[in-house]
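This briefing sets out selected local features of the structure shown below, grouped by topic for reference.

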Amino acid sequence: MKKIKINYKELIDKISDDFNDLHAYKFLEDSIANHLVIAGVDLETINLSEIIDQLVVQMEEDLMEDFIDLFNNSYYNKDADMNSIYQLKYIYD
């Protein structure tokens, strides 16, 4: 098994930048806002942007945790004897 270290901050920053470039977070906020309005929420009385910002941070952190777990345990990361080929580990600096 080959152990691979990935810089957590660099990767999460790159993913966040790419999602921003694609306007994915704006689309998410608009979609949620639309559903809230349909449900009867007065968006003038809340700060939805701050809630969405917190949601995005949590989503990114969950994505990073889920990715490394799925990668390390995936059937597609196994050799013919079902041993892991790679083991990813985040480094935090």
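Asn-77 counts as buried, because its relative accessibility is 4%, under the 20% cut-off. The model is a predicted one. Asn-77 lies in the loop between H3 and E2, a loop that recurs in several of the points below. Salt bridges, surface patches and residues with positive phi are also covered.

**The loop between H3 and E2**

- Helix H3 comprises residues 48-73, and strand E2 comprises residues 86-91.
- A polar atom of the Asn-77 side chain is placed 3.1 Å from the backbone oxygen of Phe-71.
- Ser-74 is also located in the loop between H3 and strand E2.
- The side chain of Ser-74 has a polar atom 3.0 Å from the backbone nitrogen of Tyr-76.
- Ser-74 and Ser-84 are 10 residues apart along the chain, and their C-alpha atoms are separated by 8.4 Å.
- Met-82 belongs to the loop between H3 and E2 as well.
- Met-82 is partly exposed, because its relative accessibility of 45% falls between the limits of 20% and 50%.

**Residues with positive phi**

- Met-82 is not a glycine, yet it has a positive phi of about 65°.
- His-23, likewise not a glycine, has a positive phi of about 60°.
- His-23 is situated in the loop between helix H1 (8-21) and helix H2 (24-39).
- His-23 counts as exposed, because its relative accessibility of 55% is over 50%.

**A separation between two loop residues**

- Ile-46 is found in the loop that lies between H2 and H3.
- With a relative accessibility of 35%, Ile-46 counts as partly exposed.
- From C-alpha to C-alpha, Ile-46 and Met-82 are 51 Å apart in space, with their positions 36 residues apart in sequence.

**Salt bridges**

- How many salt bridges does a search of the whole structure find? The search returns 3.
- Lys-9 and Asp-13 form one salt bridge, in which the closest N and O atoms are 2.8 Å apart.
- Both Lys-9 and Asp-13 lie in helix H1, at a spacing of 4 residues, or about one turn of the helix.
- Lys-9 is partly exposed at 46% relative accessibility, and Asp-13 is partly exposed with a relative accessible area of 32%.
- Lys-14 and Asp-18 are joined by a salt bridge between their side chains, with an N to O distance of 2.9 Å.
- Lys-14 and Asp-18 are separated by about one helical turn, because they are 4 residues apart in helix H1.
- Asp-18 has a relative accessibility of 30% and counts as partly exposed, while Lys-14, at 47%, also counts as partly exposed.
- In helix H2, the side chains of Lys-26 and Asp-30 meet in a salt bridge, for which the N to O distance is 2.9 Å.
- Lys-26 and Asp-30 are 4 residues apart, so about one helical turn separates them.
- The relative accessible area of Asp-30 is 39%, which makes this residue partly exposed; Lys-26 is partly exposed at 47%.

**Surface patches**

- Glu-61, Asp-62, Glu-65, Asp-66 and Asp-69 form a patch of negative charge on the surface.
- One of these residues, Glu-65, lies in helix H3.
- Is Glu-65 buried or exposed? Glu-65 is exposed, because its relative accessible area of 51% is over 50%.
- Phe-19, Leu-22 and Leu-63 make a nonpolar surface patch of about 280 Å².
- Phe-19 is located in helix H1.
- The relative accessible area of Phe-19 is 32%, so this residue is partly exposed and is above the 30% cut-off for patch residues.

Note on methods: Residues numbered from 1 in each chain as written. Predicted model: local features only at pLDDT ≥ 70, side-chain atom pairs only at ≥ 80, totals over all residues. Heavy atoms only, no water. Patch = residues over 30% accessible without salt bridge, like charges linked within 9 Å, V, L, I, M, F, W, Y side chains within 5 Å. Areas by Shrake-Rupley, 256 points an atom, 1.4 Å probe, with all protein chains shown as cover. Salt bridge = Lys/Arg side-chain N within 4 Å of Asp/Glu carboxyl O. Lys, Arg positive; Asp, Glu negative; His and termini not counted. Charge placed at Lys NZ, Arg CZ, Asp CG, Glu CD. Buried < 20%, exposed > 50% of the residue type's maximum accessible area, 1.4 Å probe, protein only. Polar contact = N/O pair within 3.5 Å; in protein donor to acceptor, adjacent residues only side chain to side chain.
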